[in-house]
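Q: Could you take me through a close look at one part of this model, strand by strand? I would like to know what pairs with what, and what lies around it.

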Amino acid sequence: MSRKYFGTDGIRGTANTAPMTAEVALKVGMAAGHYFTRGDHRHKVVIGKDTRLSGYMLEPALVAGFTSMGMDVMLVGPMPTPAVAMLTKSMRADIGVMISASHNPFQDNGIKLFGPDGFKLSDEVELEIEALMESDLSGKLVPANALGRAKRIDDAPGRYIEAVKSSLPGTVTLEGLRIVLDCAHGAGYSVAPKVLRELGADVIEIGTSPNGLNINDQCGSTYTKTMCDRVLAEKADVGIALDGDADRVQMCDEKGHLIDGDQLMGLVVTHWKRTGQLRGNALVATVMSNLGLERYLESNDVRLIRTKVGDRYVVEQMRALDCNVGGEQSGHIVLSDFASTGDGLLAALQVLAVLASREGPVSELSRVFEPLPQILKNVRYSAGSDPLAQSSVIEAISLAERAFNGDGRILIRKSGTEPLIRVMAEGDDAIKVEQIVDGIVAEITAVAG
């Protein structure tokens with residue numbers, strides 16, 4: 001069954017333009033509220049958001065939808081996505097909602113849904129909610145005396161701060177560490193600096209002055225130059241950059257060199273294997289993770305299990321195989337002993353804990369494997385077209401795969417959130433990798449419209 005609203009990470013689009021309108025948000029609230037109304041107890045939903053201006057439009061529309069179905073609404077305001085997931089479970093809510101477009105610019109927004117267990121919904125449940133959104137729900141509205149109520153949860157930030165800090169042993173502190181922290185003017189702008197300072201770090205803040213329009217604007221995990229430059233200027237030990245909803249992280253060393261998600265996961269996984277914390281003897285990652293990571297893990301007798309792109313699919317596989325570490329090269333890192341979804345701040349703390357247990361600068365400790373040359377390029381295509389179905393593109397991809405002859409790999413996929421085709425290749429020969437990507441990109445561009 002085809003999807004009309006939900007993509008790889010909830011519903012997303014340009015604010016005040018379909019599907020990211022108040023009308024659609026109202027339908028989401030009504031449909032999800034009806035779907036998760038089970039039993040005779042008083043039902044409730046947790047709603048959080050990032051710092052985008054359009055959150056002021058979408059939040060009340062969702063509140064209206066849920067309360068019309070008899071659900072009480074607990075509003076936590078600007079909070080990281082993983083905080084909403086955590087609070088949904090800890091407050092015994094029936095559903096959680098995060099209003100955010102993650103790393104996208106301010107004009108975009110999105111709606112992510114969590115079940116009562118704090119995990120993102122399955123494809124099947126999202127399709128059922130879509131069907132309800134398209135149906136007539138007027139007959140499901142509760143009577144006037146059964147409408148839900150809405151209230152602010154003022155202590156929500158403190159609950160999350162304590163939960164994140166408790167992921168570290170009580171003996172671990174960050175004293176002596178000088179850290180540049182970039183919160184992308186997003187959902188982590190208030191809680192993240194407090195966590196690091198309470199653990200003893202000297203924190204230099206970037207991206208902690210949101211105005212509704214500056215989220216992810218030349219800052220955060222998708223624009224790491226700001227963090228890297230500031231680390232050098234401040235002579236800091238390490239840099240941490242979160243994205244707009246703080247569910248992903250990128251880090252850099254004291255030289256301003258980036259440490260991507262693959263390196264961070266490799267560092268944590270092999271440390272946890274040595275300390276007996278690793279479950280499943282595996283890391284669950286996506287098809288985007290570098291082949292160098294896979295070879296490094298094999299040398300440490302750890303399996304790399306790949307899924308399609310999207311932290312939701314990583315989490316599903318982690319649960320199925322009882323693994324406790326997973327994530328994406330982009331910095332979505334899921335540590336299921338402590339969280340049900342990607343948590344940039346929590347992941348950064350676990351990395352810092354590993355680094356603190358060893359002697360030496362971050363630059364020497366954090367680069368655990370040599371990545372293979374990898375190139376990723378995006379091609380924008382016209383709505384309604386399907387360049388990947390064209391014979392010339394199919395032939396170009398086939399020729400490229402034969403050219404590698406087992407010394408690399410090619411991945412081509414459509415973005416789940418934008419009209420982009422992502423072309424990625426990696427291999428031992430950097431020149432060959434670049435030639436292969438450029439050749440495929442040229443063929444797709446020629447037919448993309």
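A: Happy to! One definition helps at the start: two strands count as paired if DSSP finds at least two bridges between them. Please keep in mind that this is a predicted model.

Let's begin with strand β6, which covers residues 108-114. Strand β2 (residues 10-14) runs antiparallel to β6, and four bridges join the two. Within that pairing, I11 has I111 of β6 as its bridge partner. Strand β5 (residues 95-99) is also antiparallel to β6, again joined to it by four bridges. Here V97 stands opposite L113 of β6.

How enclosed is β6? A residue is called buried when its relative accessible area is under 20%. Seven of the seven residues of β6 are buried, so the strand is largely enclosed by the rest of the structure. Both of its faces are covered: on one side sit D108, G110, K112 and F114, and on the other N109, I111 and L113, all of them buried. I111 and L113, the residues facing I11 and V97 in the pairings above, therefore both belong to the second of these buried faces.

For a companion view, turn to the open sheet of three strands, ordered β17-β19-β18 with antiparallel pairing. β17 (374-380) and β18 (408-414) stand at its edges with a single partner strand each, so one side of each has no neighbour in the sheet. On average, neighbouring strands here are turned by 10 degrees against each other, direction ignored. Seven bridges link β17 to β19 (residues 420-427) in the antiparallel sense, and L376 has M424 in β19 as its bridge partner.

Two helices go with this sheet. Helix α13 (residues 391-404) lies across β18 and β19 and runs at about 155 degrees to β18. Helix α14 (residues 430-447) packs on the sheet too, touching β17, β18 and β19, and its direction makes about 160 degrees with that of β19.

Finally, a look at the surface. L53, Y56, F106 and L213 form a nonpolar patch there, with about 420 Å² of accessible area together. One of its members, L213, is found in the loop between β9 (202-206) and α7 (225-234). With a relative accessible area of 43%, L213 is partly exposed, whereas the residues of β6 are buried.

Technical notes: Residues are numbered from 1 along each chain as its sequence is written. This is a predicted model: local features need pLDDT of at least 70, side-chain atom pairs count only at pLDDT 80 or more; totals for chains, interfaces and linings use all residues. Side-chain values use heavy atoms; hydrogens and water are left out. Axes are lines fitted to C-alpha atoms, for helices over the stretch in contact, and angles run from 0 to 180 degrees between N-to-C directions. Contact means heavy atoms within 4.5 Å. Patches are made of residues with over 30% relative accessible area and no salt bridge: like charges are joined within 9 Å, nonpolar side chains (Val, Leu, Ile, Met, Phe, Trp, Tyr) within 5 Å. Accessible areas come from the Shrake-Rupley method with a 1.4 Å probe; for residues, only the protein chains shown count as cover. A salt bridge is a side-chain nitrogen of Lys or Arg within 4 Å of a carboxyl oxygen of Asp or Glu. Buried means under 20% relative accessible area, exposed over 50%, partly exposed in between (1.4 Å probe, protein chains only).
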